[in-house]
Amino acid sequence: MSDSYLPVIPDPQSDPERLIQALERQAMALQSEQEEEPMVSLLTFVLGAEWFALPLDKVKVVSRLLDVTPVPGTSIYVLGVINHKSAIYPLVDIHDLLSLEPQMPTRSSRFVIIQHGKYLFAMLVDAMAEVREVKTRELEQQIRSSKGISEFISSELTVDRRLLGLLNLDTILNRVVEGGENGAI
Amino acid sequence: MISREYSESNLNRAERNGLGLSSGLPTMKSLFAEGNGLELRLETRREDQIEIVIVMAGHQSFGLLLSQVYNILRPQNDGINVLKQPGSAPGQVWGSIEYQGGELRVLELARMLHRPLVEPIDRSRILLTGKLLADGRVEHQYGLAVDDVLAVQRVGMEQLRLLPAWMCQKKLGKLVWGTALLERHSLEQHSALHQLQTEGLLTPLQFAIFQPDRPKLGSTVEALSELGVSVGNELTIIGANGTKEKLKPAIQESEFQPLILLDLAALIPVAYS
């Protein structure tokens, strides 16, 4: 930290002009320090008994459970389609993909509507947790130092002593799209 | 010769049979008008609408383009002779009936879609479909056996939603081309099971196109009920607290329900395999 970051002790005898300038320098230094530390927001949620996270900028809406209409012939990971405010979204369940015990939907279950590239879909999660602000630098360090436990988890993060799996939407969606047919002629 | 005119006759026939022809015209109530006791009705032009036949297959309703349906047969009343049962040869999924002096192949929609099979009742129907040629003839004609024909309904273009291409790229997925958002109550009112329960129409249908491995309808409803599964398209909500007590469903019911729309032309290769 440079000298300009040192707190200025107001000296009532000093020139008010110089005092104001020193305070302004201090405020600007503090602001630039904050700007150098960009934050990323993560939406954390529960699947099975484990915690996972997604960048918040991928999440459009979190909705309570809606009626699900089954669609014949689509991927085995697609439960059907939902109607959310007159838009139709495929509903994806990734419990099986992540080798997690399938859960019966409860009052805590939610649909998370996600936009990832050209894919717009809803994902069934067992419970929502919270949105956590994480310093991008720290997140990147953790991602570099941690190898994903599976191809569907890009890294394991520790946020406030909680272990989170950061979902790899690319590989998840590839598998969902290629996944076997839920019924064939 | 079978022509497109059958569609109009089907409409009239549907009305005569009490299947319920609803206009499906979208309405919009103006907030201003409501206060004055007036209703502003926006009607979609007829040419901007499609006509769909709503059918039941394995506890789920599906929409078929009326323009692809040339006739509707009632197996129990129309004196239809079964020529071949499905599965009479290895890998053969179709059966066949005698129709207009020839053999007509028939597919079961519920079996094609891998939906739960229910015992056929006297509301089961066979829809005639195929590829309509420019000269009015129908090529590759086949029959499609469904559990019930619920209604013929006009749907405005603004009610239609296409599905993402990646959902429908597989073999069976090509049969699905989109969804129509229909008012929930219109589908519920047309539910065959609702009618069965209220009218006591539990008459089984003996017709060999429907294979004998189908469970009894009454036992199916009972078994689903015991499992806490409501017959319909809803998710089952069961409490996660270890007790047997079931939580009240937390499902938000939207006013409009997606109806899966099927392209019957996609089944022609199956019927002629």
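Apart from neighbours within four places in sequence, Leu64(B) makes contact with Ile52(B), Val53(B), Val55(B), Val69(B), Leu262(B) and Leu264(B). The structure described here is a predicted model. Leu64(B) belongs to strand β3 of chain B, which spans residues 60-65. Because 23 C-beta neighbours lie inside 10 Å, Leu64(B) is classed as buried; the threshold for this class is 20 or more. A further relation links Leu64(B) to Ile260(B): the two residues are 196 positions apart along the chain, and their C-alpha atoms are separated by 8.8 Å.

Ile260(B) falls within strand β13 of chain B, which covers residues 256-262. Strand β13(B) pairs with β12(B) in the antiparallel sense, and 7 bridges connect the two. Within this pairing, Leu181(B) of β12(B) is positioned opposite Pro258(B) of β13(B). Strand β12(B), residues 176-183, also pairs with strand β11(B), residues 160-162; this arrangement is antiparallel and comprises 3 bridges. Here Leu162(B) has Gly178(B) of β12(B) as its bridge partner.

Chain B also contains an open sheet of 6 strands, ordered β4-β8-β9-β7-β6-β5, in which the pairing is mixed. Its edges are formed by β4(B), residues 69-73, and β5(B), residues 82-84, each of which pairs on one side only. On average, neighbouring strands of this sheet are turned by 35° against each other, direction ignored. At one edge, β5(B) is joined by 2 bridges to β6(B), residues 95-99, and the two strands run antiparallel. In this pair, Val82(B) has Ile97(B) of β6(B) as its bridge partner. Val69(B), one of the contacts of Leu64(B), lies in the range of the other edge strand, β4(B).

Chain A consists of 185 residues, of which 32% count as buried. Its secondary structure amounts to 3 helices and 10 strands. Read from the N terminus, the elements follow the order α-β-β-β-β-β-β-β-β-α-β-β-α. Among contacts in chain A with a separation of 6 or more, 54% involve residues 24 or more positions apart.

In chain A, 5 strands build an open sheet with the order β3-β6-β7-β5-β4 and mixed pairing. Strands β3(A), residues 59-63, and β4(A), residues 78-84, stand at the edges, each pairing on one side only. The twist from one strand to the next averages 30°. Strands β5(A), residues 87-92, and β7(A), residues 119-125, pair in the parallel sense over 2 bridges. In the same pairing, Leu91(A) has Ala122(A) of β7(A) as its bridge partner. In general, strands of a sheet pair through backbone hydrogen bonds, in either a parallel or an antiparallel sense.

The largest nonpolar core contains 91 residues, and the members touching the most other members are Leu91(A), Ala122(A), Val55(B) and Leu107(B). The greatest contribution to this core comes from strand β2 of chain B, residues 49-57, with 6 residues. Leu91(A) and Ala122(A) are thus bridge partners as well as core members, while Val55(B) is a core member and a contact of Leu64(B). For Leu107(B), contacts beyond four places in sequence are made with Val93(B), Trp94(B), Met112(B), Tyr142(B), Leu144(B), Ala145(B), Leu267(B), Val270(B) and Ala271(B).

Technical notes:
Residues are numbered from 1 along each chain as its sequence is written. Chains are lettered from A and ligands numbered from 1 in the order in which they are written. This is a predicted model: local features need pLDDT of at least 70, side-chain atom pairs count only at pLDDT 80 or more; totals for chains, interfaces and linings use all residues. Helices (H or I, at least four residues) and strands (E, at least two) are DSSP runs, numbered from the N terminus. A residue is buried if 20 or more other C-beta atoms lie within 10 Å of its own, exposed if 12 or fewer, and partly exposed in between; C-beta atoms are placed from the backbone. Two residues are in contact if their C-beta atoms, placed from the backbone, lie within 7 Å. Two strands pair if DSSP finds at least two bridges between them. Axes are lines fitted to C-alpha atoms, for helices over the stretch in contact, and angles run from 0 to 180 degrees between N-to-C directions. A nonpolar core is a set of buried Ala, Val, Leu, Ile, Met, Phe, Trp, Tyr and Cys residues joined through C-beta atoms within 7 Å.
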